[in-house]
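Open the model in your viewer and keep the selection box at hand. This tour goes stop by stop.

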Amino acid sequence: MRMLKKQKVLCDSFSLRVRHLLAISNAMAERPSSKELVWVGIRATHVSELQQLLQSSARNRAAIEGMACHAQIIRVGLRADTITSNMLMNMYSKCGLVESARKLFDEMPVRSLVSWNTMVGSHTQNGDSEKALVLFMQMRKEGTSFSEFTVSSVVCACAAKFCVFECKQLHGFALKTALDSNVFVGTALLDVYAKCGLVKDASLVFECMPERSDVTWSSMVAGYVQNELYEEALVLFHRAQAMGLEHNQFTISSALSACAARAALIEGKQVQAVLCKTGIGSNIFVISSLIDMYAKCGIIEEAYIVFSSVEEKNVVLWNAMISGFSRHVRSLEAMIYFEKMQQMGLCPNEITYISVLTACSHLGLVEKGRKYFDLMIRVHNVSPNVLHYSCMVDILGRAGLLHEAKDLIDRMPFDATASMWGSLLASCRIYRNLELAEVAAKHLFEIEPHNAGNHVLLSNIYAANNRWEEVARARNLLKESEAKKERGKSWIEIKHQVHSFMVGERNHPRIVEIYLKLEDLVGEMKKIGYKAKTEHDLHDVEESRKQELLRHHSEKLALTFGIMVLPHGASIRIMKNLRICGDCHSFMKLASSITEREIIVRDTNRFHHFKNGYCSCGEFW
């Protein structure tokens, strides 16, 4: 009922405005025949009213009302007025009617700088970067003057399409015309460089700028995060903080994302404290970043507290929470909140479905996964993208349905990604399917020729099947390809400092103590039945050598250091850049029982919560 009343009020208001416009034009038509009298006596007042209505239409994205104004402008003979035409173009642009704006622009007898800027900006904002660039070149050919807004708009158009060459040309143009020091142009340049992966160029532009706005700072912090330079992002954030600059929601969100990626819980809490001081704590996107940070730092309970504190939740917040549950193998909670979200009247989107399908993958829930995949298409009209298909391939592969996973890859309307073939290859390792493993590996070698991990995984599958000749051939192929293998690394944050460990670490200042403590820990474990699972070390070496290699894995060293320095009973949080191996998984379970601690390990796939000798993954990972 309220909606009907609101619509009636809007309709009445619109009718009044249209009648008012008709009255204006009729009054003008009925004036004496002296054109000069009409122009001077009436037009000034009514032109102002027409322009106010145009501005209102642009603000409210009211296209129909704006078109009514356009009709009256034509009727009263204002088509040649440049200012009014500029306002009309702006209205059409704001309403998304770019073609109407361009038609008006092309028909203008006289164009001002505002006319050009409005049209270039319109093309940029609506994703027509090529037209924006062409228009800028036309503008230069005609000798029309330009401003910093013109250049920054064209640079933004380059950013949208990752046009590096054009961006560098515009940078040179900005230097030539002394516009490079302008805050708008400089910010646009560093933004496009960062988006194109040229973060050093972006940083150079930033450092050379004599004046920086809050948008400049937030763009640079975001640029570092986009290029996975999380440490640099946090350093810049703290630098801005030391200078007393006021942070906006974009800077805070980027800083929280950097903390989430590094699993830097202490720094994340410090950013949250800054957030509370700024008064932007109610911003939905900032809150979602905060939830994501806590979830990725291993404290899903704190993420849930933040989520629960928000009264009016949108899809972004629900997605952040469902994703957090999924990452922590709290699949039941992920599915329950998927249902609750719909009960609150919100419709799941493609991101929601990625999270809930991932939750199914983590527990091997094949039928549930199929149900959600069908629901996405049939009920919510969400077109599955390559990520949804990747989730389904993972669900089927982990459940041992390798041929069904391969059939899905063959039937889907997209080219298979490296992630899909990698998932299938990993599943082939678990179920020792050499035939499909070789097929998946062949595709991976073509897609990612420089990823050594694919060669190693295939080699490990051969090794697990005692096919040592193929192992040697796979490793020779790896050497010939010059691909570099990513070394396993684990890290742990203690008192604002991150301690990193490699397998067989030698550089840590307390490494001798760590190895001695580790030997003691292994000795205690052997008393209760621990035996190294040497089948997880796939080197063709003696059994004793395999045991030594397994014992010195990076996550074991990080755990031992955590036991040494953290208070008794405190949780230990370890981050790892590769998948945790089976022996380390068993080691962590026993360690959680012996030390009476919760041990949380984040690997590339998920979080493992080890407590009282059990893991949250239920041995399915």
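Two strands count as paired if DSSP finds at least two bridges between them. Keep that in mind for the sheet. Note too that this is a predicted model.

**Stop 1: the annotated repeats.** Select residues 81–115, 213–247 and 314–348. In an unreviewed entry, UniProt places the feature "repeat: PPR" at each of these spans. Look at 81–115 on its own. The chain there is 74% helix and 0% strand. Its end C-alpha atoms are 12 Å apart. Now move to 213–247. This span is 74% helix and 0% strand, and its end C-alpha atoms lie 11 Å apart.

**Stop 2: a helix pair.** Two packed helices are described by the angle between their axes and the distance between the axes. Select helix H23 (residues 402–411) and helix H24 (residues 418–431). Their axes come within 11 Å and cross at roughly 170°. Angles over 145 degrees count as roughly antiparallel, so H23 is roughly antiparallel to H24. The crossing of H23 past H24 is left-handed. Which residues of H23 meet H24? Show the side chains of Leu402, Ala405, Lys406 and Ile409. On the H24 side, they meet Met420, Trp421, Leu424, Ser427, Cys428 and Tyr431.

**Stop 3: the hairpin.** Select strand S1, residues 489–494. Is S1 mostly covered or mostly open? Five of its six residues are buried, so to speak of S1 as mostly covered is fair. Add strand S2, residues 497–502. S1 and S2 pair in the antiparallel sense over six bridges. Together they form a hairpin with two residues between them. Click on Lys495 in the turn: it has a positive phi of about 50°.

**Stop 4: Ser490, between two strands.** Center on Ser490. In S2, its bridge partner is Phe501. In strand S3, the bridge partner of Ser490 is Lys576. S3 covers residues 572–576, and two bridges join S1 to S3. These two strands run antiparallel.

**Stop 5: the whole sheet.** From S3, go on to strand S4, residues 599–602. Here the pairing is parallel, over four bridges. One bridge to pick out links Ile572 with Ile599 in S4. Now show the full set. Six strands form an open sheet in the order S2-S1-S3-S4-S5-S6, with mixed pairing. Which strands are at the edges? They are S2 and strand S6 (614–615), each of which pairs on one side only.

Technical notes
Residues are numbered from 1 along each chain as its sequence is written. This is a predicted model: local features need pLDDT of at least 70, side-chain atom pairs count only at pLDDT 80 or more; totals for chains, interfaces and linings use all residues. Side-chain values use heavy atoms; hydrogens and water are left out. UniProt positions are given in the numbering used here, feature names are shortened, and annotations may be inferred rather than shown by experiment. Buried means under 20% relative accessible area, exposed over 50%, partly exposed in between (1.4 Å probe, protein chains only). Axes are lines fitted to C-alpha atoms, for helices over the stretch in contact, and angles run from 0 to 180 degrees between N-to-C directions. Angles under 35 degrees count as roughly parallel, over 145 as roughly antiparallel, 65 to 115 as roughly perpendicular and the rest as oblique. A crossing is left-handed if the near helix is turned anticlockwise from the far one by less than a right angle, and right-handed if clockwise. Contact means heavy atoms within 4.5 Å.
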